[in-house]
Amino acid sequence: IYNNNFLFLYDNSELKENFTFLDFISAGVRIGLSIGIDFTGSNGHPLDDGTLHSLKGNKPNSYERAIRACGNIVAHYDYDQLFPVYGFGAIINSSPNKEASMCFNLNFEENPEIYTIDNIIRKYHECIEKDKLTFAGPTEFTPIINSVIAKIKNNQLEYHILMILTDGVIDDLQETIDALVEASFQPLSIIIIGIGDADFKKMEILDGDMVPLVSSSGKKRTRDLVQFVPFNKFQNDEYKLSMQVLEEIPRQIVEYYKQNNLNPKKIAKLLSESNKNEYPQFDIGKADFDLNAIPTYESIYPQFNK
(Lines give C-alpha, C1' and ligand atoms only; values in the text may rest on other atoms or scores of the structure.)
Protein backbone atom coordinates (compact mmCIF):
# COMPACT_ATOMS: atom_id res chain seq x y z
CA ILE A 1 0.00 0.00 0.00
CA TYR A 2 1.41 3.36 -1.05
CA ASN A 3 0.91 6.32 1.27
CA ASN A 4 2.81 9.64 0.92
CA ASN A 5 5.49 7.98 -1.24
CA PHE A 6 6.07 5.23 1.31
CA LEU A 7 5.46 1.57 0.59
CA PHE A 8 3.88 -0.42 3.43
CA LEU A 9 4.08 -4.21 3.21
CA TYR A 10 1.65 -6.30 5.26
CA ASP A 11 2.39 -9.94 5.89
CA ASN A 12 0.09 -12.57 7.39
CA SER A 13 -2.83 -10.16 7.34
CA GLU A 14 -6.21 -11.44 8.50
CA LEU A 15 -9.66 -10.00 7.89
CA LYS A 16 -11.93 -10.20 10.93
CA GLU A 17 -15.62 -9.38 11.08
CA ASN A 18 -16.93 -7.30 13.95
CA PHE A 19 -20.47 -8.33 14.81
CA THR A 20 -22.97 -6.20 16.69
CA PHE A 21 -25.70 -6.97 19.19
CA LEU A 22 -28.30 -6.62 16.43
CA ASP A 23 -26.46 -9.16 14.28
CA PHE A 24 -26.95 -11.78 16.99
CA ILE A 25 -30.60 -10.84 17.58
CA SER A 26 -31.29 -11.00 13.83
CA ALA A 27 -29.59 -14.42 13.74
CA GLY A 28 -32.19 -15.70 16.19
CA VAL A 29 -30.66 -15.35 19.67
CA ARG A 30 -33.52 -15.13 22.17
CA ILE A 31 -33.37 -13.11 25.39
CA GLY A 32 -34.97 -14.26 28.64
CA LEU A 33 -35.45 -12.35 31.90
CA SER A 34 -35.44 -13.75 35.45
CA ILE A 35 -36.04 -11.66 38.59
CA GLY A 36 -34.88 -12.04 42.20
CA ILE A 37 -36.50 -10.02 45.04
CA ASP A 38 -34.89 -9.36 48.43
CA PHE A 39 -37.24 -10.10 51.36
CA THR A 40 -34.65 -9.87 54.15
CA GLY A 41 -35.26 -8.13 57.46
CA SER A 42 -32.94 -5.23 56.61
CA ASN A 43 -35.67 -3.93 54.26
CA GLY A 44 -37.93 -3.20 57.25
CA HIS A 45 -41.36 -4.57 58.13
CA PRO A 46 -44.06 -4.11 55.45
CA LEU A 47 -46.57 -2.86 58.05
CA ASP A 48 -44.29 0.03 59.07
CA ASP A 49 -44.35 3.43 57.39
CA GLY A 50 -41.49 4.28 55.05
CA THR A 51 -39.97 0.80 54.77
CA LEU A 52 -38.93 -0.48 51.36
CA HIS A 53 -41.72 -3.11 51.23
CA SER A 54 -44.25 -0.93 53.09
CA LEU A 55 -47.95 -1.58 52.59
CA LYS A 56 -48.89 1.72 54.23
CA GLY A 57 -50.40 4.52 52.17
CA ASN A 58 -51.86 4.57 48.69
CA LYS A 59 -48.59 4.81 46.76
CA PRO A 60 -46.55 1.88 45.45
CA ASN A 61 -43.58 1.02 47.69
CA SER A 62 -39.97 1.17 46.56
CA TYR A 63 -39.80 -2.46 45.42
CA GLU A 64 -43.05 -2.28 43.50
CA ARG A 65 -41.91 0.85 41.67
CA ALA A 66 -38.57 -0.76 40.81
CA ILE A 67 -40.13 -4.05 39.68
CA ARG A 68 -42.48 -2.20 37.35
CA ALA A 69 -40.05 0.42 36.05
CA CYS A 70 -36.92 -1.71 35.64
CA GLY A 71 -38.81 -4.90 34.85
CA ASN A 72 -40.69 -3.31 31.97
CA ILE A 73 -37.45 -1.95 30.50
CA VAL A 74 -35.91 -5.41 30.14
CA ALA A 75 -39.17 -7.34 29.68
CA HIS A 76 -39.65 -5.57 26.36
CA TYR A 77 -36.92 -7.81 24.90
CA ASP A 78 -37.96 -11.11 26.53
CA TYR A 79 -39.04 -13.53 23.83
CA ASP A 80 -42.04 -15.14 25.57
CA GLN A 81 -42.99 -12.75 28.43
CA LEU A 82 -42.71 -15.66 30.90
CA PHE A 83 -40.44 -14.61 33.75
CA PRO A 84 -39.03 -16.94 36.42
CA VAL A 85 -39.32 -14.89 39.63
CA TYR A 86 -37.62 -15.79 42.91
CA GLY A 87 -37.59 -14.41 46.42
CA PHE A 88 -34.82 -14.78 48.95
CA GLY A 89 -34.05 -14.09 52.60
CA ALA A 90 -37.48 -14.85 54.09
CA ILE A 91 -39.11 -17.63 56.07
CA ILE A 92 -42.00 -19.23 54.21
CA ASN A 93 -44.67 -19.34 56.91
CA SER A 94 -46.21 -22.55 55.60
CA SER A 95 -42.86 -24.33 55.79
CA PRO A 96 -42.49 -26.69 58.77
CA ASN A 97 -38.79 -26.00 59.41
CA LYS A 98 -39.14 -22.20 59.77
CA GLU A 99 -35.74 -21.58 58.22
CA ALA A 100 -35.10 -18.69 55.89
CA SER A 101 -35.06 -19.66 52.23
CA MET A 102 -32.39 -18.17 50.01
CA CYS A 103 -34.26 -19.04 46.81
CA PHE A 104 -38.00 -19.71 46.55
CA ASN A 105 -40.50 -19.34 43.73
CA LEU A 106 -42.51 -16.16 44.20
CA ASN A 107 -45.70 -17.88 42.99
CA PHE A 108 -45.12 -20.87 45.34
CA GLU A 109 -45.66 -23.20 42.41
CA GLU A 110 -43.34 -25.80 40.89
CA ASN A 111 -42.80 -23.64 37.80
CA PRO A 112 -41.46 -20.19 38.82
CA GLU A 113 -42.55 -18.51 35.57
CA ILE A 114 -45.02 -15.65 35.80
CA TYR A 115 -46.63 -14.12 32.72
CA THR A 116 -46.18 -10.32 32.39
CA ILE A 117 -44.85 -7.73 34.83
CA ASP A 118 -48.38 -6.89 36.02
CA ASN A 119 -48.83 -10.45 37.27
CA ILE A 120 -45.44 -10.30 39.00
CA ILE A 121 -46.68 -7.25 40.92
CA ARG A 122 -49.86 -9.13 41.83
CA LYS A 123 -47.92 -12.15 43.12
CA TYR A 124 -45.54 -9.86 44.99
CA HIS A 125 -48.47 -8.23 46.80
CA GLU A 126 -49.96 -11.62 47.65
CA CYS A 127 -46.68 -12.58 49.36
CA ILE A 128 -46.61 -9.61 51.70
CA GLU A 129 -50.33 -8.91 52.13
CA LYS A 130 -51.45 -12.48 52.88
CA ASP A 131 -48.73 -13.09 55.48
CA LYS A 132 -47.00 -15.78 53.44
CA LEU A 133 -43.52 -14.59 54.43
CA THR A 134 -41.59 -13.53 57.51
CA PHE A 135 -38.71 -11.27 56.59
CA ALA A 136 -35.49 -12.71 57.95
CA GLY A 137 -31.96 -13.22 56.63
CA PRO A 138 -29.12 -13.57 55.91
CA THR A 139 -28.84 -11.89 52.50
CA GLU A 140 -27.31 -14.31 50.01
CA PHE A 141 -27.18 -13.91 46.23
CA THR A 142 -25.34 -17.15 45.49
CA PRO A 143 -28.35 -19.57 45.57
CA ILE A 144 -30.33 -17.55 43.01
CA ILE A 145 -27.33 -17.08 40.72
CA ASN A 146 -26.51 -20.79 40.86
CA SER A 147 -30.16 -21.71 40.27
CA VAL A 148 -30.29 -19.60 37.10
CA ILE A 149 -26.94 -20.98 35.90
CA ALA A 150 -28.26 -24.54 36.32
CA LYS A 151 -31.29 -23.74 34.15
CA ILE A 152 -29.40 -22.08 31.30
CA LYS A 153 -26.26 -24.24 31.16
CA ASN A 154 -25.37 -25.74 27.77
CA ASN A 155 -27.95 -23.64 25.90
CA GLN A 156 -25.98 -21.05 23.97
CA LEU A 157 -28.87 -20.10 21.68
CA GLU A 158 -30.67 -18.22 24.45
CA TYR A 159 -29.15 -15.37 26.43
CA HIS A 160 -30.48 -14.69 29.91
CA ILE A 161 -30.65 -11.62 32.13
CA LEU A 162 -31.05 -11.98 35.90
CA MET A 163 -32.31 -8.84 37.60
CA ILE A 164 -31.76 -8.79 41.38
CA LEU A 165 -33.60 -6.14 43.42
CA THR A 166 -31.97 -5.58 46.81
CA ASP A 167 -31.36 -3.02 49.55
CA GLY A 168 -27.61 -3.56 49.25
CA VAL A 169 -26.88 -5.68 52.32
CA ILE A 170 -25.04 -8.90 51.41
CA ASP A 171 -23.63 -11.61 53.67
CA ASP A 172 -22.02 -13.90 51.08
CA LEU A 173 -19.89 -11.43 49.14
CA GLN A 174 -16.99 -13.77 48.36
CA GLU A 175 -19.30 -16.69 47.53
CA THR A 176 -21.22 -14.38 45.19
CA ILE A 177 -17.98 -13.31 43.51
CA ASP A 178 -17.10 -16.99 43.03
CA ALA A 179 -20.53 -17.60 41.48
CA LEU A 180 -20.19 -14.57 39.18
CA VAL A 181 -16.78 -15.74 37.95
CA GLU A 182 -18.38 -19.07 36.99
CA ALA A 183 -21.35 -17.24 35.48
CA SER A 184 -19.03 -15.30 33.18
CA PHE A 185 -18.67 -18.53 31.16
CA GLN A 186 -22.45 -18.75 30.66
CA PRO A 187 -24.91 -16.81 28.43
CA LEU A 188 -25.89 -14.59 31.35
CA SER A 189 -25.92 -10.95 32.41
CA ILE A 190 -26.86 -9.75 35.89
CA ILE A 191 -28.41 -6.38 36.65
CA ILE A 192 -28.44 -5.43 40.34
CA ILE A 193 -31.06 -2.80 41.17
CA GLY A 194 -30.25 -1.03 44.45
CA ILE A 195 -33.41 -0.17 46.42
CA GLY A 196 -33.36 2.63 48.98
CA ASP A 197 -30.45 4.79 50.08
CA ALA A 198 -28.18 2.31 51.83
CA ASP A 199 -24.43 1.96 51.36
CA PHE A 200 -24.05 0.19 48.01
CA LYS A 201 -20.25 -0.19 48.07
CA LYS A 202 -20.51 -3.99 47.99
CA MET A 203 -22.81 -3.80 44.96
CA GLU A 204 -20.19 -1.66 43.21
CA ILE A 205 -17.60 -4.34 44.01
CA LEU A 206 -19.82 -6.92 42.31
CA ASP A 207 -20.21 -4.58 39.33
CA GLY A 208 -16.49 -5.02 38.80
CA ASP A 209 -15.98 -2.01 36.54
CA MET A 210 -13.03 -0.72 38.56
CA VAL A 211 -11.54 -4.00 39.81
CA PRO A 212 -12.33 -7.16 37.78
CA LEU A 213 -13.72 -10.04 39.82
CA VAL A 214 -11.41 -12.85 40.96
CA SER A 215 -12.69 -15.97 42.75
CA SER A 216 -11.35 -17.30 46.05
CA SER A 217 -9.35 -19.87 44.08
CA GLY A 218 -7.70 -17.15 41.97
CA LYS A 219 -9.85 -17.71 38.88
CA LYS A 220 -10.59 -14.55 36.91
CA ARG A 221 -13.87 -13.71 35.24
CA THR A 222 -13.77 -14.06 31.47
CA ARG A 223 -15.90 -10.97 30.81
CA ASP A 224 -17.89 -8.24 32.54
CA LEU A 225 -21.44 -9.48 33.17
CA VAL A 226 -22.74 -7.30 36.05
CA GLN A 227 -24.34 -3.86 35.98
CA PHE A 228 -25.33 -2.06 39.20
CA VAL A 229 -28.05 0.61 39.07
CA PRO A 230 -29.09 2.67 42.15
CA PHE A 231 -32.83 2.98 41.54
CA ASN A 232 -33.44 6.11 43.64
CA LYS A 233 -30.90 8.06 41.62
CA PHE A 234 -32.71 7.52 38.31
CA GLN A 235 -36.32 6.66 39.22
CA ASN A 236 -37.67 10.08 38.22
CA ASP A 237 -36.05 10.05 34.78
CA GLU A 238 -37.37 7.22 32.60
CA TYR A 239 -34.84 7.83 29.84
CA LYS A 240 -31.79 7.82 32.14
CA LEU A 241 -33.09 4.79 34.02
CA SER A 242 -33.47 2.89 30.73
CA MET A 243 -29.98 3.90 29.69
CA GLN A 244 -28.49 2.71 32.98
CA VAL A 245 -30.36 -0.59 33.07
CA LEU A 246 -29.54 -1.52 29.46
CA GLU A 247 -26.18 0.22 29.15
CA GLU A 248 -23.95 -2.85 29.20
CA ILE A 249 -26.27 -5.59 27.90
CA PRO A 250 -25.50 -5.32 24.15
CA ARG A 251 -21.74 -5.38 24.74
CA GLN A 252 -22.00 -8.26 27.22
CA ILE A 253 -23.98 -10.35 24.73
CA VAL A 254 -21.46 -9.72 21.95
CA GLU A 255 -18.54 -10.54 24.27
CA TYR A 256 -20.11 -13.84 25.34
CA TYR A 257 -20.60 -15.09 21.79
CA LYS A 258 -17.19 -13.82 20.73
CA GLN A 259 -15.42 -15.69 23.54
CA ASN A 260 -17.28 -18.85 22.51
CA ASN A 261 -16.40 -18.43 18.83
CA LEU A 262 -20.05 -18.21 17.82
CA ASN A 263 -20.82 -15.71 15.09
CA PRO A 264 -24.35 -14.96 13.82
CA LYS A 265 -23.98 -17.32 10.87
CA LYS A 266 -23.09 -20.24 13.13
CA ILE A 267 -25.97 -19.40 15.45
CA ALA A 268 -28.45 -19.22 12.56
CA LYS A 269 -27.22 -22.62 11.34
CA LEU A 270 -27.54 -24.18 14.81
CA LEU A 271 -31.05 -22.76 15.17
CA SER A 272 -32.00 -24.07 11.74
CA GLU A 273 -30.78 -27.57 12.65
CA SER A 274 -32.55 -27.38 16.01
CA ASN A 275 -35.84 -26.38 14.38
CA LYS A 276 -35.54 -29.16 11.80
CA ASN A 277 -35.10 -31.72 14.59
CA GLU A 278 -37.99 -30.32 16.62
CA TYR A 279 -40.27 -29.65 13.63
CA PRO A 280 -39.08 -31.99 10.82
CA GLN A 281 -42.01 -31.04 8.59
CA PHE A 282 -40.81 -27.41 8.54
CA ASP A 283 -37.50 -26.59 6.92
CA ILE A 284 -36.55 -23.14 8.22
CA GLY A 285 -33.81 -22.97 5.61
CA LYS A 286 -36.43 -22.90 2.87
CA ALA A 287 -38.79 -20.50 4.57
CA ASP A 288 -39.62 -17.13 3.10
CA PHE A 289 -38.32 -14.22 5.15
CA ASP A 290 -39.45 -10.63 4.99
CA LEU A 291 -36.22 -8.65 5.02
CA ASN A 292 -38.18 -5.55 5.97
CA ALA A 293 -39.19 -7.30 9.19
CA ILE A 294 -35.64 -7.50 10.51
CA PRO A 295 -35.61 -5.24 13.59
CA THR A 296 -33.76 -1.97 13.50
CA TYR A 297 -31.72 -0.57 16.37
CA GLU A 298 -34.40 2.07 16.90
CA SER A 299 -37.18 -0.52 17.15
CA ILE A 300 -35.30 -2.69 19.64
CA TYR A 301 -34.04 0.25 21.73
CA PRO A 302 -36.70 2.96 21.14
CA GLN A 303 -35.69 4.78 24.31
CA PHE A 304 -32.21 5.41 22.85
CA ASN A 305 -33.67 7.08 19.76
CA LYS A 306 -33.92 10.53 21.32
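**Exercise 1. The second largest pocket**

By class, how many nonpolar, polar and charged residues are in the lining of the second largest pocket?

*Solution.* Before starting, note that this is a predicted model, in which local features need pLDDT of at least 70 and side-chain atom pairs count only at pLDDT 80 or more, while totals for chains, interfaces and linings use all residues. Residues are numbered from 1 along each chain as its sequence is written, and side-chain values use heavy atoms, with hydrogens and water left out.

Step 1 is to fix the term: on a 1 Å grid over the protein atoms alone, a pocket is an open set of points where a 1.4 Å probe fits, with protein on both sides within 12 Å along at least five of seven lines, and a lining residue has an atom within 4 Å of a point.

Step 2 concerns the space, which is about 310 Å³ in the second largest pocket, the volume being the space filled by probe spheres set on the points, with grid points joined across faces, edges and corners. Of the 11 lining residues, Glu17, Asn18, Phe19, Lys258 and Asn263 are the closest to the centre of this pocket.

Step 3 sorts the lining by class, where Ala, Val, Leu, Ile, Met, Phe, Trp, Tyr, Cys and Pro count as nonpolar, Asp, Glu, Lys and Arg as charged, and the others, Gly among them, as polar. The lining of the second largest pocket then has 5 nonpolar, 3 polar and 3 charged residues.

Step 4 asks for the main contributor: helix H9 (residues 249-259) gives the largest share of this lining, 3 residues. Helices (DSSP runs of H or I, at least four residues) and strands (runs of E, at least two) are numbered from the N terminus.

**Exercise 2. Ser34 and helix H4**

Determine whether Ser34 is buried or exposed, and which residues of H4 are buried.

*Solution.* Step 1 places Ser34 in strand E3 (residues 30-38).

Step 2 applies the cut-offs: buried means under 20% relative accessible area, exposed over 50%, and partly exposed in between, with a 1.4 Å probe and protein chains only. Ser34 counts as buried because its relative accessibility is 6%.

Step 3 lists contacts (heavy atoms within 4.5 Å): leaving aside residues up to four places away in sequence, Ser34 touches Pro84, Tyr86, Val148, Ile161, Leu162 and Met163.

Step 4 turns to H4, whose buried residues are Thr142, Ile144, Ile145, Val148, Ile149 and Ile152. These buried residues pack against E3, E4, strand E10 (158-166), helix H5 (173-183) and strand E11 (188-194).

Step 5 looks just past the end of H4, where Asn154 takes a positive phi of about 70 degrees.

**Exercise 3. Backbone in the loops**

Find where Gln81, Lys98 and Pro138 lie, and describe the backbone there.

*Solution.* Step 1 takes Gln81, in the loop between helix H2 (62-75) and strand E4 (82-88); although Gln81 is not a glycine, it has a positive phi of about 60 degrees, and at 25% relative accessibility it counts as partly exposed.

Step 2 takes Lys98, in the loop between strand E5 (90-92) and strand E6 (100-101); Lys98 is not a glycine either, yet has a positive phi of about 55 degrees, and it is partly exposed, with a relative accessible area of 45%.

Step 3 takes Pro138, in the loop between strand E9 (133-135) and helix H4 (142-152), where the peptide bond from Gly137 to Pro138 is cis, with omega near 0 degrees.
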